[in-house]
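Reader: I have a structure to read and would like to go through a few of its features. Please take them one at a time.

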Amino acid sequence: MKVLVIGGGGREHALAWKLRQGARVTEVFVAPGNGGTALDDQLTNVPITDIVALREWAQKEGIALTVVGPEGPLAGGVVDEFRAHGMRIFGPSKAAAQLESSKAFSKAFMQRHHIPTAEFETFSDPALAHAYVDKKGAPIVVKADGLAAGKGVVVATTLAEAHEAIDFMLVDNTLGVTHNEGGARVVIEEFLQGEEASFIVMCDGKNVTALATSQDHKRLLDDDKGPNTGGMGAYSPAPVVTADVHARAMREIIIPTIKGMEKDGIAFTGFLYAGLMIDTQGRPKTLEFNCRLGDPETQPLMMRLKSDLFEVFWAATEPGSHGRLDTVELEWDRRVALGVVLAAHGYPLSPRKGDVITGLPKEEADAMVFHAGTAEADGKVTTSGGRVLCVTVLADNVKQAQARAYEVTRGIQFDGVQYRRDIGHRAARG
C-alpha cells in the first residue's frame with residue numbers, strides 16, 4: 001500500500017514516520033514535506049501543493065490512502081476533491097472544516113447545539129468591537145475569524161492589548177489572517193480561568209475514538225509568559241484530564257458536536273481537536289475546535305502510539321455511509337512522551353530563515369527529532385520557518401522525560417535558536 005501525507009510541518013513528519021512502520025505500507029510520500037522527511041530514506045517528498053494537481057498525481061501513482069495534516073488544504077476542499085474521484089482520504093470536507101476555518105461559524109454552532117463555551121460576540125465593524133471591549137473590560141480574548149496559522153488568538157490582559165488586537169485583525173491584518181467570505185471579522189469572548197488541555201478524537205462520520213490526552217504550551221517563554229505561538233512543546237498524557245474530565249468532555253462536547261454536525265447535514269470525518277479549558281471543579285469548556293491533529297501534540301502522541309496507524313486510517317475510511325472506527329482499539333505506550341519545540345530567531349512575528357542547523361542526532365528508540373520549518377540542500381539542513389524542530393522523547397515519568405529531552409536539545413545548534421526550558425512543568429509539579 002502506498003500512502004500520501006499532505007503537509008510539510010512537524011505534525012506531518014510525525015504522521016509519515018508512524019505510517020512508514022505499518023505492516024502493509026510499502027511507500028510513504030509527503031507533499032510537500034520538509035528537510036526531515038527529505039533526509040529519511042523511507043519517505044519521499046513530492047513538491048506539489050495545488051489540490052487538483054496533487055489528486056492527479058495520487059491517482060497516477062496508485063496511492064491507496066491519503067492523510068491530511070494542516071488546516072489550509074482542508075479549508076481548500078482537498079477531501080472533497082479526492083473523494084469526488086473515489087479516493088480514500090482521511091479528513092473533514094470543506095463544509096465540516098468550517099469548525100476551524102471560521103471562528104464565527106464554530107461559536108454559532110456551539111451556541112446552537114448547547115456545547116459549553118465562553119460567552120462571545122462577533123464583529124466586522126471595528127468601532128463596535130472597540131465599544132464592546134470597553135463595556136466588558138479586560139482580561140478578554142480576541143480571535144480572528146479566519147485561519148491564522150495558530151496566531152489568530154490574542155488573550156488581552158489589558159484594554160490597550162485588546163484594542164490593538166482588534167486593529168491588527170480588522171484594520172491592518174498584521175497577523176496575515178486568511179479572511180472568510182464577507183471579509184474581516186473578529187470573535188470577542190470572555191476570558192476563561194483554568195488549565196488548558198488538548199482533547200483529540202478520530203471520527204469516521206458516526207463512530208468516535210479518543211486519542212491519548214495531551215497538553216500544549218502556547219506561550220513563547222517559560223512560566224507561560226510572552227506572546228501566543230503555534231505551540232512551543234507538548235506532552236502526553238495530561239494529568240489534568242482525569243477519567244471524570246474525559247467522560248464529561250466526550251458526553252458534553254465531542255458527542256454533541258458529531259451529532260450536531262450530522263443534524264446540520266455535515267457529517268464530520270477526520271481528526272477533531274477540542275481545545276479545552278478545565279476549571280478547578282473539573283468542568284471543561286471549549287476554547288476552540290481544530291479539524292486536524294494539534295502540532296506539537298502529534299509528535300508525543302505518535303511516539304506513544306503502539307497500534308499500526310495505517311490500519312486505523314484504513315478502518316476509518318471504509319467506503320460507505322461511515323467507516324469502521326468502532327472496530328479499532330488504540331494501544332498506547334504507558335510511558336510519558338514529551339516534545340520540546342526549537343523555534344527560529346524572531347519567532348513568532350518575524351522568524352528568520354536560512355540558518356544552518358548542526359548536531360542533529362540519529363533516531364533512537366526513545367528519542368526522535370521531528371522536523372517542521374527545515375529545508376535540505378547539498379547535505380545541509382537550514383531553518384525555513386518559525387517552529388523548526390520538535391525534540392520528542394519517551395521516559396518513565398515527566399521529570400525523566402524533561403531531562404532526556406533537554407539533553408538532546410542542548411546538542412542541536414543554529415543561530416538564534418529559542419526554546420522553553422519548562423515543557424511539562426504543570427505535570428512535573430503534580
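Reader: What phi does H114 take, just after α7?

Author: H114 has a positive phi of about 55°. Helices here are DSSP runs of H or I with at least four residues, strands are runs of E with at least two, and both are numbered from the N terminus. This is a predicted model, in which local features need pLDDT of at least 70, side-chain atom pairs count only at pLDDT 80 or more, and totals for chains, interfaces and linings use all residues. Residues are numbered from 1 along each chain as its sequence is written, and side-chain values use heavy atoms, with hydrogens and water left out.

Reader: Which residues of α7 are buried?

Author: An α-helix has 3.6 residues a turn, so residues three or four places apart point the same way. Buried means under 20% relative accessible area, exposed over 50%, and partly exposed in between, with a 1.4 Å probe and protein chains only. In α7 (residues 103-112), the buried residues are K103, A104, S106, K107, F109 and M110. Among the elements that cover them are α6 (98-101), β9 (186-190) and α10 (243-263).

Reader: Is D216 buried or exposed?

Author: D216 counts as buried because its relative accessibility is 13%. This residue lies in strand β12 (residues 215-216). Contact means heavy atoms within 4.5 Å. Leaving out residues up to four places away in sequence, D216 touches S198, G230, G231, M232, G233, A234, P296 and E297.

Reader: Where is G359 found?

Author: G359 is in the loop between β19 (356-357) and β20 (367-371). With a relative accessible area of 43%, G359 is partly exposed. Beyond its neighbours within four places in sequence, G359 is in contact with G411 and I412.
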